[in-house]
Amino acid sequence: MGTIIVAPLGKIAELAVRHRCREMLSLIAPQQNFHRPAVIAGDRHMILGVNDIAFAGTGRLVAPGEEHVDAIIGFARAWDRQAPLLVHCQMGVSRSPAAALIAALAVAPDQDDHALAQRLRRASVQATPNARLIEIGDRMLGRGGRLVAAVKAIGRGADYVGDSPFSFSAMPEPVAP
């Protein structure tokens, strides 16, 4: 319970079926077309049209903003955690890992940001969460810079080597007695 699956666009149908996901969060370029897997109900699929940039948008590029992070937080808090939450972007490396961290803190705010970031890094060597989403999420979730520091501490992920979906728990790991 409380598992988040992070994936590239090309793997969403396979992973939704394999993991019995019922909810999906899509962070894709505006007007990008794709098919929602049939196992995901339309009312439990949120699409955020945002580009993978860490600066204010120019021209047709849409930078992550507070409205996007607010939507991620609201969607995550409505997730019942009985089935995995599928979060994806084009490659599964930047926007979706950032959204997954924000979602995890939205549903389990008492967890340690550094421990959460370490769980993400253990799950994916190539994840490099989008810095702008992380900064906005840190502020909106009242993390006081802890999320930003935790993501900086895990550093940039390894060079992209291809589609590498991963999963991790949104919930903190139990502390050994």
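## Exercises around Arg-119, the cores and helix 3

**Exercise 1.** In this predicted model, which residues does Arg-119 touch, not counting residues up to four places away in sequence?

*Solution.* Leaving out those sequence neighbours, Arg-119 touches Gln-111, Phe-168, Ser-169, Ala-170, Met-171, Pro-172 and Glu-173. Arg-119 itself sits in helix 4, residues 113-123. With Gln-111 there is also a polar contact: the two side chains are joined at 2.7 Å.

**Exercise 2.** Decide whether Arg-119 is buried or exposed.

*Solution.* Start from the cut-off: buried means under 20% relative accessible area. Arg-119 has 6% relative accessibility, so Arg-119 counts as buried.

**Exercise 3.** Describe the largest nonpolar core and find the helix that gives the most to it.

*Solution.* First, the size: this core has 43 residues. Next, the residues with the most contacts inside it are Ile-4, Leu-25, Leu-27, Ile-72 and Phe-168. Then the helix: helix 3, residues 95-107, gives the most, with 10 residues. A second core, separate from this one, has 12 residues, among them Ala-7, Leu-15, Met-24 and Phe-34. Now zoom in on Ile-4: beyond four places in sequence, its contacts include Trp-79, Leu-85, Val-87, Ala-100 and Phe-168.

**Exercise 4.** Check the span of helix 3 against its number of residues, then work out how enclosed helix 3 is.

*Solution.* Take 1.5 Å times one less than the number of residues. For the 13 residues of helix 3, the expected span is 18 Å. The end C-alpha atoms are 19 Å apart, which agrees. Finally, 13 of the 13 residues are buried, so helix 3 is largely enclosed by the rest of the structure.

Methods
Residues numbered from 1 in each chain as written. Predicted model: local features only at pLDDT ≥ 70, side-chain atom pairs only at ≥ 80, totals over all residues. Heavy atoms only, no water. Core = buried A, V, L, I, M, F, W, Y, C linked by side-chain atoms within 4.5 Å. Buried < 20%, exposed > 50% of the residue type's maximum accessible area, 1.4 Å probe, protein only. Helix = DSSP H or I, 4+ residues; strand = E, 2+ residues; numbered from the N terminus. Contact = heavy atoms within 4.5 Å. Polar contact = N/O pair within 3.5 Å; in protein donor to acceptor, adjacent residues only side chain to side chain.
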